[in-house]
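User: I'm new to reading protein models and would like some help with the empty spaces inside them. Could you walk me through it?

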Amino acid sequence: MKISYNWLKEILDFPLDPIKTSELLTDIGLEVERTESYENIKGGLANLLVGEVLSVEKHANADRLNVTKVNLGDGESHQIICGALNIKKGQKVVVAKPGVTIFPKNGEAFKIKKAKIRGEDSFGMICAEDEIGVGDNHDGIIVLNKSSKIGDLVSNYFDVKKDIIFEIGLTPNRSDAMSHYGVARDLLAALKFKKLISLNATLKKLPIENQQYENTGSNIEIIIENPNECHRYSGIVLKNIDVQPSPNWLKEKLESVGLKPINNIVDITNYVLHYYGQPLHAFDYDRIKGKKIVVRNPKKDTLFTTLDGVERKLHENDIMICDSAKEMCIGGVFGGKDSGVTEKTKNIFIESALFNPVSIRKTAKRHGLNTDASFRYERGVDSRMVLPALFKACELVLEISNGKIDSLLLDVFPKKETDFKININFDNIRKIGGFNITDEEIVSILNFLNITIEKLAAPLASISVPSYRSDVQREVDITEELMRIYGYNNIEIPNKINSSPSVPLFKSKHLQQQKISNHLVSLGFFEIMNNSLTKKSYQDKEQDSVELLNPLSKDTSVLRKTLIFGALETMKYNHFNGSSNNKFFEWGRTYQFNTKNFQESNDLILAVSGLQNNEHWYNGKSQSSFFQLKGVLESIFNSFGILYNLENISQDRYYSEGLIFVNKDKKLAKIGLLKKEVLSQVGMKAPCFISEIFFDHFISTTENIKNKIKGVNKFQKSFRDFSILIDEEITMNEMVLSIKKINNSILKSVSLFDIFRDKKLADKKSYGLRFEFLHPERTLKDEEVDRVMVAIQDKMKEEFNAVLR
């Protein structure tokens, strides 16, 4: 935001130069990111001199050129070639000597050089208006008053004004400082506390008192249909105005802060906006049908043409300023083409209003508009500045457009704002801020900030914060206000820091997370990080989605319920950019609304696609597979000593098939192949295997697990194989669970080493199973192993009607 130093000085007479002002503004939280110089005449007419024409003779080799001799007061006669028709002997003129840079009205600046023109030397230039930026005339040279002193700087004879512009990096919460008046108000508080200005100093008086408005028949009826959207609406009718270019002082004010002057009426509204921070809008009074202003929401998809000539479809939640027949303006955002002020306008209605910040921001984002008005409304403007801004605009219209006020003040204020009440403790403030501020200093700073102390019983106090400081509502906010006026640089840094070490609750969780991450990286996985905001179309149920009230875009309108889509978008991006073999993992939170509560969960996702390894002569093309990812998942669980059972995924929003890892009714993880319709939502065509670890359940399961180190078993393992014929629908997991029921300590593992299917077997299949046996204290006997194998065969026959092959 641009703030003019001269403008600040008009509002508050203070003793600091621009450099000191910039430093103080930064100290109190209004960080000056950069400063720039402004001149109403570009270049400031620097080094241009007053010269007297001593003689004028025709150029021997050019009919339209003259050879002149010019006195610049240095005792020499300077020869300058000039083509102006109005040049005469004895004139006082503007001269640019060689080496001087001039700034034309149109075009780039350039440096004057000694030149040879048609055989004659020229030592400078006699300037016209447009050549030095003081006007548009190029019909002849500038002829100065005869009283002008030869050799003087030309800048002494023109109204050259200079200013310093501060570029302030305003944070979104500081809506009170979105104007010159607001910045001056903050500056005054700091100057008073630092005793750099009189305690009786005040800002320039607001134009609100002694205003007389007469009703001469031009009243307008104001109707606010939705007070929650429009909190206040005020206006005044002015008649017999002259729409014309603004006076120079007004143009210069706007140009200094980067605005282009348009006409006196529009320029007045822009001037007041930057003065007080209150947006205004001027309507052509004669175009208001029924002399009625209605603030309402439009019908969905109503077409409306804005000032820029663009036809827009309105949303049913937009705030529209309408007359009795049609929409005239998008309230707080942008005016309409058919109701604005033109050169033919003679009567106007000036609006000063207060709108709901959330509604304004949503409307501006929907229509892709970012105006000075919406910038301020969506951050919140001061309800008490609505009328002063309107009065100021009326004063200026009367002053520079020859108009007259033709109505009473119209002010509809259905939703009044109140000051914020806060209880504070001075001791808490000192503790939070870490500085030794006295009670007297706290009281004085609060008074300087217009914060009223309603009740004081030190160290306790009850205070009332002005409504324009919407960001100050807690004791910590008051602490921040005190610290910035007191001065962050004045807070002593202690030589000694006391700390009580403690073990945070998340330490164990963090260490386990780090352990898993390191393990995955060692297996060739890459960690990714995605935005927790995602598309609404990715959610399966709207009622349990967590939607943003004020989303920045449709792509970031809800909080994610799963990490799957973020991983898929990363996969897609890599695929489209030539990297089709991917192994990713991501830690993140997922969000869901469950009945009456919001729920957050910590999850880990693993995703693989493409080849298992980059193609090479020794490994060929091994595609990523379910069992590849299952092995990774099992290695994580085994490293923490977590026991689990496997259940088949029957019906799932995302997986076409897969497994669930379960421990005592807790779902610890899912793994499977994603459905094609899920892939198509992101635009992925290649198959993708996903595993989700529900980390909160994972952590709670590991809390009571204590891993023990065992020595290497010195005894020999024993293996047995058999092949059985079973029904097609029976899974390996069901068979393993059944075998575990035998509960024999010497049986260590069961693995599947062969699957055989044939048309002759119809709806059956053959599994080849391998069993590993081991005794911790001795070598096993064949009879022991055989007994277990018989029990297993009987179990298979009993539960699955299996036939030994």
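User: How much space lies in the largest cavity here?

Analyst: Think of a cavity as a spot where a small probe fits but cannot get out. In this predicted model, the largest one holds about 60 Å³ of space. In total, the structure has 2 cavities of 30 Å³ or more.

User: Which residues line the largest cavity?

Analyst: Start with the stretch Phe-448, Leu-449 and Asn-450, then add Tyr-468, Arg-469 and Arg-484, plus Asp-176, Arg-185 and Asp-186. Sorted by class, that lining has 5 charged, 3 nonpolar and 1 polar residues.

User: And what is the volume of the second largest cavity?

Analyst: That cavity comes to about 50 Å³. Its lining includes Lys-42, Gly-43, Leu-45, Thr-101 and Phe-103. By class, you get 6 nonpolar, 2 polar and 1 charged residues there.

User: Now helices. At what angle do α2 and α4 cross?

Analyst: To read a helix pair, you compare the directions of two fitted axes. Helix α2 covers residues 18–27 and helix α4 covers residues 180–193; their axes come within 10 Å and cross at roughly 90 degrees. Angles of 65 to 115 degrees count as roughly perpendicular, so that is how α2 and α4 sit relative to each other.

User: Which residues meet where α2 and α4 touch?

Analyst: From α2 you have Thr-21, Leu-24 and Leu-25, and they meet Val-183, Leu-187, Ala-190 and Leu-191 of α4. The residues of this contact split into 6 nonpolar and 1 polar, with no charged ones.

Terms used
Residues are numbered from 1 along each chain as its sequence is written. This is a predicted model: local features need pLDDT of at least 70, side-chain atom pairs count only at pLDDT 80 or more; totals for chains, interfaces and linings use all residues. Side-chain values use heavy atoms; hydrogens and water are left out. On a 1 Å grid over the protein atoms alone, a cavity is a set of points where a 1.4 Å probe fits but cannot get out, and a pocket is an open set with protein on both sides within 12 Å along at least five of seven lines; lining residues have an atom within 4 Å of a point. Grid points are joined across faces, edges and corners, and a volume is the space filled by probe spheres set on the points. Ala, Val, Leu, Ile, Met, Phe, Trp, Tyr, Cys and Pro count as nonpolar, Asp, Glu, Lys and Arg as charged, and the others, Gly among them, as polar. Axes are lines fitted to C-alpha atoms, for helices over the stretch in contact, and angles run from 0 to 180 degrees between N-to-C directions. Helices (H or I, at least four residues) and strands (E, at least two) are DSSP runs, numbered from the N terminus. Angles under 35 degrees count as roughly parallel, over 145 as roughly antiparallel, 65 to 115 as roughly perpendicular and the rest as oblique. Contact means heavy atoms within 4.5 Å.
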